Structures are given as structure tokens and as C-alpha cells.
Amino acid sequence: MEKKTARLFFIDAMRAWAILMMLQGHFIDGLLDVAFKDNTNTTYTIWKYFRGITAPVFFTVSGFIFTYLLIKVPQKGWQNPRVLKGIKRGLQLLFIGYLLRANLFGILKGEIYDAFFLVDVLHCIGLSLLGIIGIYLLAQKTNKALLSTLLLGVTVLLFLFEPLYEKWTFGFLPQALANFLTRANGSVFTIIPWFGYTTFGAFLSVLFTRYKNHKFLYEYAILLSLLTGIVLIFFSSDLFLGLSDLTGATLFEAIAMNNYLFIRLGDVFLVFAVFMLFRGLMTHPTLLKIGQSTLSIYIIHFIILYGSFTGLGLYKFFHHQLSPMIAISGAIVFMIVCAFTALQYEKNKVMIKSGISIGTKQLYQNLQPWYSFSQKLIKGYLSKVLRSVGRTKTN
């Protein structure tokens with residue numbers, strides 16, 4: 001019988017699929033000539049729909065695997081070593097998110113461009129991990145049974161009230177903070193509503209952990225995922241219209257008119273069902289390593305495509321200029337290059353970090369004499385200046 005407590009390979013496979021779909025999605029969307037972005041074209045429409053599945057799956061899986069590891073250990077509350085690790089990870093993602101948007105040329109000129117403060121995937125996931133930790137600690141402090149309720153409650157509230165807060169610009173906040181909450185200034189992702197997908201992934205993780213030793217865990221999970229996904233995709237809009245007619249609440253009608261959150265959640269359920277169904281075929285070491293190296297892949301893709309630090313990326317030279325065949329071929333090569341480079345980095349990460357540490361120490365040692373010498377020159381110059389204006393005593 002399959003061992004339920006083994007590593008969840010299907011989750012790593014889902015992460016691998018999501019990051020690869022994100023790579024090709026960013027490449028084609030950014031570099032394909034707008035003349036070929038025809039919504040009446042069936043092929044483009046199908047690609048566009050499946051591209052829209054990527055982010056919800058990525059956020060949901062991130063919440064799932066983080067919470068699975070968080071609640072897996074026997075220690076609870078602040079005694080749980082995963083809490084501090086999670087806080088460190090969340091802050092690290094926030095830092096890397098801003099670092100990738102830094103422009104060295106601008107910094108050298110003493111300027112920080114507005115794009116630096118825009119919020120993207122890493123910012124949202126980093127803040128989402130911190131939010132999940134906060135919910136976990138709150139539930140542990142009061143009632144452990146609250147954890148799943150709070151996680152699901154956050155998702156439902158964020159999704160239900162999206163038509164209301166989507167219009168808010170949060171102009172009373174500094175723009176750097178407002179960018180986490182509104183896309184009005186150019187942010188691609190915002191913590192609301194995307195935190196809802198992360199908390200839903202966390203909710204699924206709690207359920208999975210609770211029933212992980214059930215004899216028919218996957219059979220029931222696959223069936224429920226299929227049914228829930230179909231209902232959300234094909235019937236949720238009608239359900240909200242019915243609730244609007246029944247209650248007279250215009251909020252339900254507004255949800256139905258732009259029901260992307262619940263429909264995409266249905267897509268997530270179907271993706272979960274597919275990967276659980278074929279979990280036995282998704283144990284190839286390379287696939288699993290890609291799923292475990294998503295951060296490295298994301299960083300590498302951001303540098304190559306958008307030109308982090310220098311602004312000299314593919315986006316600068318080929319923005320909306322490629323034909324479909326070149327864009328598709330380029331996307332395939334782009335995925336291979338990013339994944340291969342990331343796997344090589346992960347394979348040699350210890351050696352690379354050690355080399356950087358040694359290089360930094362060596363550079364410091366080489367610069368130390370010049371630093372001391374320059375300090376003496378500066379002190380001598382300042383002393384002369386001060387004496388010349390009579391602010392120091394002369395012998």
C-alpha cells in the first residue's frame with residue numbers, strides 16, 4: 001500500500017509545472033507581437049486561459065507546502081522551529097522581490113525608479129507566508145480547531161468582497177504600501193485577493209494532514225476535487241446570480257459579472273485532481289528537482305527576461321516584436337535555459353556560496369589598507385579645514 005506520509009511528489013510536480021508555465025507565459029506575453037494577440041483565435045484563447053491558471057496554482061501550492069511543513073512537526077506555537085524559518089523565508093522573499101526590481105544604473109545616479117516599489121509574485125508570497133504564520137499562532141493560542149476555519153474564512157472573505165475593495169486606491173497610504181493592496185499604480189499582483197489562494201492552499205494542507213492515513217485518501221480527494229472544480233467553473237456564476245435575486249444584494253451580482261476568483265479556484269481543483277490521479281508517474285528526479293528549485297528559477301528568469309539590476313533583458317530588446325513561431329521556440333529554449341541554470345546552481349550552491357564568501361573576505365582584506373589610508377587623508381584634510389576657520393586650537 002502507498003505510504004501516506006512519504007514526500008508529496010505530486011505537489012513538487014505541480015510546482016514544477018506551474019513555474020514552467022509561468023516562464024513560457026511571461027516570455028510569450030511579453031515578447032509576442034500584439035498583432036498576433038487575437039482573442040478570436042482559438043489557439044491564442046486556449047493558451048491565454050491556461051496561462052491564467054498558473055498564478056492561482058502557484059499561490060495555492062505555495063500555501064499548501066508551507067503549511068504542510070509547518071504543522072507536520074510535533075512542536076506547537078513559537079516552539080515550532082518552522083515558525084522562525086517561515087518568518088525568515090517570508091522576509092527573504094520580500095527582500096529578493098525588491099532586489100530584483102533594483103536598477104544599478106539608477107542607484108549610481110542617486111535615483112530609485114517607481115518600478116522598484118511595484119509588487120509582484122515574490123512580495124505577495126513572502127507576505128502571505130507571514131500571514132499564514134500569524135493565523136497559525138493565533139489558532140494555537142486560542143483553539144487549535146480554529147486553524148482550518150480561519151484559513152478558509154480568509155479565502156471566502158477576500159474572494160466575496162473583491163468587487164468592493166478592487167476599486168479602492170488606498171491613496172491615504174504611502175505608495176510603497178498601497179502597491180501591496182491596489183494595482184492602480186502598476187503592481188502586477190496584490191496581497192488582496194491573492195492571499196486568498198495561499199490561505200486556501202494552507203486549508204487544503206490542514207485537511208490533507210488530518211486525513212493523510214485514511215485508506216482511500218487519494219480516491220476521495222480526486223473525486224471531491226473534480227466535482228468541486230466543475231461546480232466552481234460552470235455553476236458558481238449562476239449561483240451568485242441566484243443569491244443576488246434571492247437576497248437583493250448587488251454584491252453577488254458584481255461577483256457573477258467578474259467571477260474570475262472562484263472560477264480560477266475551480267481550475268486549481270482540477271489541476272490538483274489531475275496531478276493526484278497521475279501521481280505515480282510524476283517521480284522523475286529532474287521534474288521533482290525543478291519543483292524544489294522554483295525560487296532560483298524565478299530569479300534567473302527575471303534577470304534574463306526583464307533585465308534585473310541593469311535593465312538589459314530580453315524584454316528591452318524584443319518587447320512585442322516576435323512572431324508566433326519564434327516566440328514559441330524561444331519560450332521552449334527559455335524554459336530549458338532557466339531550469340538548467342537553476343538546477344546547476346542548486347547542485348553547486350554550497351560551493352558557490354563558499355566562493356562568494358571567500359571572495360568577499362579577500363576583497364575586504366585588499367581594500368582595508370586603502371580604506372585606512374583614505375581615512376587618514378580625510379581626517380588630515382578636515383583638520384586643516386577646521387583650523388583654517390579657527391574652530392580648532394593651534395599650537
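Pro193 is placed in helix α9, which spans residues 191-210. The peptide bond that leads from Ile192 into Pro193 is cis, with omega near 15°. These values come from a predicted model. Another backbone feature occurs at Phe170, whose phi is positive at about 55° although the residue is not a glycine. The points below cover that backbone geometry, three helix pairs and the largest cavity.

**Backbone geometry**

- Helix α9 (residues 191-210) holds Pro193, and the Ile192 to Pro193 peptide bond is cis.
- Phe170 is located in the loop that runs between α7 and α8, the latter covering 175-178.

**Helices α3 and α5**

- Helix α3 (residues 81-100) packs with α5 at an angle of about 160°, and their axes are 7 Å apart.
- Angles over 145 degrees count as roughly antiparallel, and α3 and α5 are therefore roughly antiparallel to each other.
- The handedness of the α3 and α5 crossing is left-handed.
- On the α3 side, the contact is formed by Val83, Gly86, Ile87, Arg89, Gly90, Leu91, Leu93, Leu94, Ile96, Gly97, Tyr98 and Leu100.
- On the α5 side, these residues are met by Leu122, His123, Ile125, Gly126, Leu127, Leu129, Leu130, Ile133, Tyr136 and Leu137.
- By residue class, the contact of α3 with α5 comprises 16 nonpolar, five polar and one charged.

**Helices α5 and α6**

- Helix α5 (residues 121-142) also packs with helix α6 (residues 146-160), at an angle of about 140° and with axes 9 Å apart.
- The crossing of α5 and α6 is right-handed.
- From α5, the residues Ile135, Tyr136, Leu138, Ala139 and Thr142 take part, and they meet Leu146, Leu147, Leu150, Leu151 and Val154 of α6.
- The residues in the contact of α5 with α6 consist of nine nonpolar and one polar, with no charged residue.
- Tyr136 of α5 appears in the contact with α3 and in the contact with α6.

**Helices α2 and α13**

- Helix α2 (residues 42-72) and helix α13 (residues 260-277) cross at roughly 75°, with their axes coming within 9 Å.
- Angles of 65 to 115 degrees count as roughly perpendicular, which makes α2 roughly perpendicular to α13.
- Helix α2 contributes Lys48, Tyr49, Gly52, Ile53, Pro56, Val57, Thr60, Val61 and Phe64 to this contact.
- Helix α13 contributes Ile263, Arg264, Asp267, Val268, Val271 and Phe272.
- The contact of α2 with α13 contains 10 nonpolar, two polar and three charged residues.

**Largest cavity**

- One cavity of 30 Å³ or more is present in the structure, and the largest cavity holds about 40 Å³ of space.
- Its lining consists of Phe159, Glu162, Pro163, Ile255, Asn258, Asn259, Tyr260, Leu261 and Phe262.
- Two or more lining residues come from each of α7 (162-165) and α13.
- Helix α13 gives the most to the lining of the largest cavity, with three residues.
- The lining residues of the largest cavity divide by class into six nonpolar, two polar and one charged.
- Helix α13 is thus described in two settings: the crossing with α2 and the lining of the largest cavity.

Note on methods: Residues numbered from 1 in each chain as written. Predicted model: local features only at pLDDT ≥ 70, side-chain atom pairs only at ≥ 80, totals over all residues. Heavy atoms only, no water. Axes fitted to C-alpha atoms, helices over the stretch in contact; angles between N-to-C directions. Helix = DSSP H or I, 4+ residues; strand = E, 2+ residues; numbered from the N terminus. Left-handed = near helix turned anticlockwise from the far one by under 90°. Contact = heavy atoms within 4.5 Å. Nonpolar A, V, L, I, M, F, W, Y, C, P; charged D, E, K, R; others polar. Parallel < 35°, antiparallel > 145°, perpendicular 65-115°, else oblique. 1 Å grid on protein atoms, 1.4 Å probe; cavity = no way out; pocket = protein on both sides within 12 Å on 5 of 7 lines; lining within 4 Å. Points joined across faces, edges and corners; volume = space filled by probe spheres on them.
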